[in-house]
Amino acid sequence: MILRTFSNLAAAAVLAAALPTIAIAQDKADAAKSEAPSIDPQVRTRDLSGTFGGQRIGYTATMAETVLSNDDGKPEAVIVTTSYVKSPADTSRPVFFIYNGGPGSGSVWLQMGAFGPKRVAIPGDARDDGAPPYPILDNPDSLLDVADLVFIDPPGTGFSYLTKGTDPEKYYGLQQDARAVATVIRRWINDNGRWNSPRYLGGESYGTTRTAMVVRELEGATYNDVGFNGLILISTILDFAAREPTPGNEMAYVMALPNMATAAFYHGKAQAPSVEAIAEEARQFAIGPYATALMKGQDLPAAERASVRAELARLTGLSETYLDQAELRVTPQRFYKELLRDRGLTIGRLDSRYTGRDFDNAGEYPDNDPSFYGIDAGYTAAINAWSRGTLGFETDREYQAIGSDPGRYWDWSLSGRGRGAYLNVAPFIGDAMRQNSQLRTFVGQGWYDFATPFFGAEYSLNRVGIPQDRVEFHYYDAGHMMYIRDEDRAKLSRDIRAFILNR
């Protein structure tokens, strides 16, 4: 009893001695929070109107900064959203959260090219966009008649940025980026009273990867779920291993072959009744005789090699001699240069309808992508004129249509140890769909897109665990940004409008 009492007294003495130290530490923490620099988020609002989907609609356009801070209250990231909400606000209307890809791409492409109330008019027939001025027109194909729209520029894209001293690795990565975007979505829903509104989530290119990560974050990471009615994937990339032509990875050649066939068809190097027909021929050949031949490696018999080589030449428009020298394995980069070498032209990566002229026609790879430099000036002009002019957003920061910092620091691993050998986020979409019986997935693919091949999208989304009765594919007669072509912008709008209305 005496020993126990002594022990208690000693413990009390130790605790009493420690209390001043604990108090000092807490005071320092509180002081750090109070001294943390604050950012007054900029919000710019305009009341506008337009005709969308045949309906005259008044809407409120809002450009707003959302500040993300660390536990000490220090602002780390400022994320800009541009929302278009029908007036008067109606909480029963669907909300569509939208972003582009990269990683590092601002939402300019989908906002000023496809779904926003205004669009930039550039040639839709694979010609260069030329010099300014670029017409900024009303966009009747905007989805504002069926949904409110929220365009998100993740950190390092658009006008969004990391504050001075913020470690890029905290925001630039598969999971880090998803958490930041998920936080912005939660805040927007809360601030606008949209917790029980139908919701859609989607993007383009890496934006489809982001969609898989964000839906995992919002529907599967906690019990405080944010549910969605639909995922909208445009120019899809989910399984990265299937597109990497590293030695020994034969799937990359299998996935790219149908795109080579459609490009050859477009440029008159392959014959078929239609692009749909040659795409299907190439799919069947790619997954059958071609994949079998590649898997046999050096055990491939000479007669089988000759047969495969001949059919490969017919579908791709390349000579049998070239294919033989390439061991039946042609990377997309070499294909861009080789297909029209006899005409002195290269073809585009984002959209193989585009052609360009290189400095050296005898080179191995193109100097640049004519389908990118053929469109970027018009889009950059449009987003700056619209944001800074009409919407009144004030900043001296440069709009990052394609920001370099995210890609420089990006952590591609799900385990935090660098890019994995096999990165596939498609299972996260399967998880979300199995756990949400009303979640549907829309997939839009361009026939002429080498950046995110249509066959790769099909392959990644027909794997085990993804409910096939709730996945729908749509195809367009253009490339990565199919909405550049007027007919396909209208078709994409109709297809997504129907997808939203059919919930």
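**Which residue in E10 is the bridge partner of tyrosine 200?** It's glycine 230. The legends below work their way to that pair through a predicted model, beginning with the whole chain.

**View 1. The whole chain, before we zoom in.** Let's get our bearings. This predicted model has 15 helices and 14 strands in its chain. The radius of gyration is 26 Å, close to the 23 Å that the globule rule gives for 503 residues, so the chain is as compact as a globular protein of that length. Follow the C-alpha trace along its principal axes and you'll find that it spans about 95 × 65 × 45 Å. Of the 503 residues, 55% count as buried. If you look at contacts with a separation of 6 or more, 71% of them come from residues 24 or more positions apart.

**View 2. Charges and surface.** Still on the whole chain, there are 51 positive and 62 negative charges, and their mean positions lie 3 Å apart. The accessible surface adds up to about 21600 Å², and carbon and sulfur atoms own 52% of that.

**View 3. Phenylalanine 96 and its neighbours.** Now we zoom in on one residue. Phenylalanine 96 sits in strand E4, which covers residues 95-99. Is this residue buried or exposed? Its relative accessibility is 1%, so phenylalanine 96 counts as buried; the cut-off for buried is under 20%. Leaving aside residues up to four places away in sequence, phenylalanine 96 touches a whole crowd, including Phe115, Leu143, Leu149, Val150, Tyr200 and Ile232. Proline 168 makes a handy landmark: phenylalanine 96 is 72 residues from it in sequence and 28 Å from it in space, going C-alpha to C-alpha.

**View 4. Strand E4 meets strand E9.** Here's where phenylalanine 96 finds its opposite number. E4 and E9 pair in the parallel sense, with five bridges between them. Across from phenylalanine 96, in E9, stands tyrosine 200. Tyrosine 200 is also one of the residues that phenylalanine 96 touches. Strand E9 runs over residues 199-205, and seven of its seven residues are buried, so E9 is largely enclosed by the rest of the structure.

**View 5. On to strand E10.** Step across from E9 and you reach E10, made up of residues 230-236. These two strands pair in the parallel sense as well, this time over six bridges. That brings us back to the opening question: tyrosine 200 has glycine 230 as its bridge partner in E10. So what does tyrosine 200 stand opposite in E4? That's phenylalanine 96, the residue we zoomed in on earlier.

Conventions
Residues numbered from 1 in each chain as written. Predicted model: local features only at pLDDT ≥ 70, side-chain atom pairs only at ≥ 80, totals over all residues. Heavy atoms only, no water. Helix = DSSP H or I, 4+ residues; strand = E, 2+ residues; numbered from the N terminus. Rg over C-alpha atoms; globule rule 2.2 N^0.38 Å. Buried < 20%, exposed > 50% of the residue type's maximum accessible area, 1.4 Å probe, protein only. Contact = heavy atoms within 4.5 Å. Areas by Shrake-Rupley, 256 points an atom, 1.4 Å probe, with all protein chains shown as cover. Lys, Arg positive; Asp, Glu negative; His and termini not counted. Charge placed at Lys NZ, Arg CZ, Asp CG, Glu CD. Pairing = 2+ DSSP bridges.
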